[in-house]
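Here's a walk through one protein model, going from the overall fold to a few individual residues. Have the viewer open while you read.

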Amino acid sequence: MAKTVTKSSGKSAAQAKAKAAAKPAMKAAAKAAPKVAAKAAAKPAAQKSAPKTAKAKSAKKPALKLSMLKPSVNNMTVRVFARAAGFDSAETDAWGHTRSPEYLARNPAHLTPMIEDKGLPRGVLWESCAIMQYLANKHGLEKFYPKAPAKRAMIDSAMFYLIGTLYPYVARATYPALGFPQYAGEVGHSDAHPDRKSEAQKAAMAAIAEPLEVFHSFFREGKPFIGGNNPSIADIRLAATLEFLAVIDYALPKWAQEYMAAIEKKLGKAYAEPAGDVRGYIAYVRSQAKASA
């Protein structure tokens, strides 16, 4: 019995010692447990956010291959839009190349601006308004071209009215001074006496005021832009068109001057850089005219 008691007492002493020795370890483990749990909880969160970071780093601007002519306001339109929309544009100056066999093979209309895109049925697209509509639709650029049917209809109407009514007047009034070829069937394209051509140019200049006022009173209707608080693709097309009027010293109404200044301020370099090319060409034409006068 004495041995048993002694044994049992020895066991109890050993257990007490073991417990005492384990206490600091248990305390350390208890302290460490929340940290381990926090790390374990943070791991999945970090893993979840990792792909997002990688995605953000690998995100690139949409690429755009654009053939253009710098002095043209039709080309300026797409150049402004591409910059404002954040495209990574590769611009090719097509001056003197639009009638080449290579260009005509892709674009039998020999027009600029022209974009190249694999998603298009024939791989290319010309006409400035069609290009902006296509790119806005493809990349979901509702800021420039809203999806809401009624709002979109107003943008479309403004653009079609511009290219169907206002721009022909602008072309007839400015192309002779710019040195651009007149359209077939126009007086400016014919062998008519210079006086007749001058009369036709002046008549076109006088006709600009009416459609211009329509943009002011109907399409803008008290808003900063046709698109509301932000310039739409119709605004970009209109502002670019009005740039040509400087070559004939056309007296733009005050609202039109403020409108163009507001668009340039809103779009910044996206507008100013392409506009600079058009303005530079106009300045060159005017200096040549003065020199030969």
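Two strands are taken to pair if DSSP finds at least two bridges between them. With that in hand, the sheet in this predicted model is easy to describe: four strands form an open sheet in the order β2-β1-β3-β4, and the pairing is mixed. β2 (88–93) and β4 (124–126) stand at the edges with a single partner strand each, so one side of each has no neighbour in the sheet. From one strand to the next, the twist averages 25°.

As for one of the pairings, β1 (residues 63–68) and β3 (residues 114–116) run antiparallel to each other over three bridges. If you want a spot to zoom in on, leucine 66 has isoleucine 115 in β3 as its bridge partner.

Helices lie across this sheet too. Helix α2 (residues 73–84) lies across β1 and β2, at about 160° to β1. Helix α4 (residues 128–139) lies across β1, β3 and β4, at about 130° to β4.

**The whole chain**

Zooming out, the protein has ten helices and four strands. Along the sequence they come as α-β-α-β-α-β-β-α-α-α-α-α-α-α. Of the 293 residues, 35% count as buried, and the protein exposes about 17300 Å², with carbon and sulfur atoms supplying 59% of that area. If you look at contacts between residues at least 6 apart in sequence, 66% of them join residues at least 24 apart.

How far should you trust the coordinates? The average pLDDT is 86, and 80% of the residues score at least 70. Over residues 1–50, though, the pLDDT is below 50, and this stretch has zero contacts in the model beyond near neighbours in sequence. Residues 53–57 also have a pLDDT below 50, again with zero contacts beyond near neighbours in sequence.

**The enclosed helix**

Which helix is largely enclosed by the rest of the structure? That's α8 (residues 233–243): eleven of its eleven residues are buried, so the rest of the structure largely encloses it. The buried set has charged side chains in the list as well as aliphatic names; among them are Asp235, Arg237 and Glu243, along with Ile233, Ile236 and Leu242. The cover over these buried residues includes α2, α4, α5 (149–178), α7 (209–220), α9 (254–267) and α10 (269–292).

At the start of α8, a side-chain oxygen of serine 232 comes within 3.2 Å of the backbone nitrogen of alanine 234.

Leucine 238 sits in α8 and counts as buried, at 1% relative accessibility. Leaving aside neighbours within four places in sequence, leucine 238 is in contact with Leu162, Leu166, Phe215, Ile226 and Tyr259. Its C-alpha atom is 8.9 Å from that of methionine 260, which is 22 residues away along the chain.

Isoleucine 248 is in the loop between α8 and α9. Is this residue buried or exposed? Isoleucine 248 has a relative accessible area of 14%, and the cut-off for buried is under 20%, so isoleucine 248 counts as buried. Leaving out neighbours within four places in sequence, isoleucine 248 is in contact with Ala173, Thr174, Ala177, Gln201 and Met205. Of these, threonine 174 is 74 residues away in sequence, with 6.4 Å from C-alpha to C-alpha.

**Backbone oddities**

A few backbone details are worth a look before you set up any calculation. Threonine 112 and proline 113 are joined by a cis peptide bond, with omega at about 0°. Proline 113 is in the loop between α3 (101–106) and β3.

Histidine 110 lies in the loop between α3 and β3. Its phi is near 45°, a positive value in a residue other than glycine. Glutamate 221, in the loop between α7 and α8, isn't a glycine either, but has a positive phi of about 50°.Here are the accessibilities of four residues from this tour.

| Residue | Relative accessibility | Class |
|---|---|---|
| Leucine 238 | 1% | buried |
| Isoleucine 248 | 14% | buried |
| Histidine 110 | 26% | partly exposed |
| Glutamate 221 | 60% | exposed |

Technical notes: Residues numbered from 1 in each chain as written. Heavy atoms only, no water. Helix = DSSP H or I, 4+ residues; strand = E, 2+ residues; numbered from the N terminus. Buried < 20%, exposed > 50% of the residue type's maximum accessible area, 1.4 Å probe, protein only. Contact = heavy atoms within 4.5 Å. Areas by Shrake-Rupley, 256 points an atom, 1.4 Å probe, with all protein chains shown as cover. Axes fitted to C-alpha atoms, helices over the stretch in contact; angles between N-to-C directions. pLDDT = per-residue confidence, 0-100. Polar contact = N/O pair within 3.5 Å; in protein donor to acceptor, adjacent residues only side chain to side chain.
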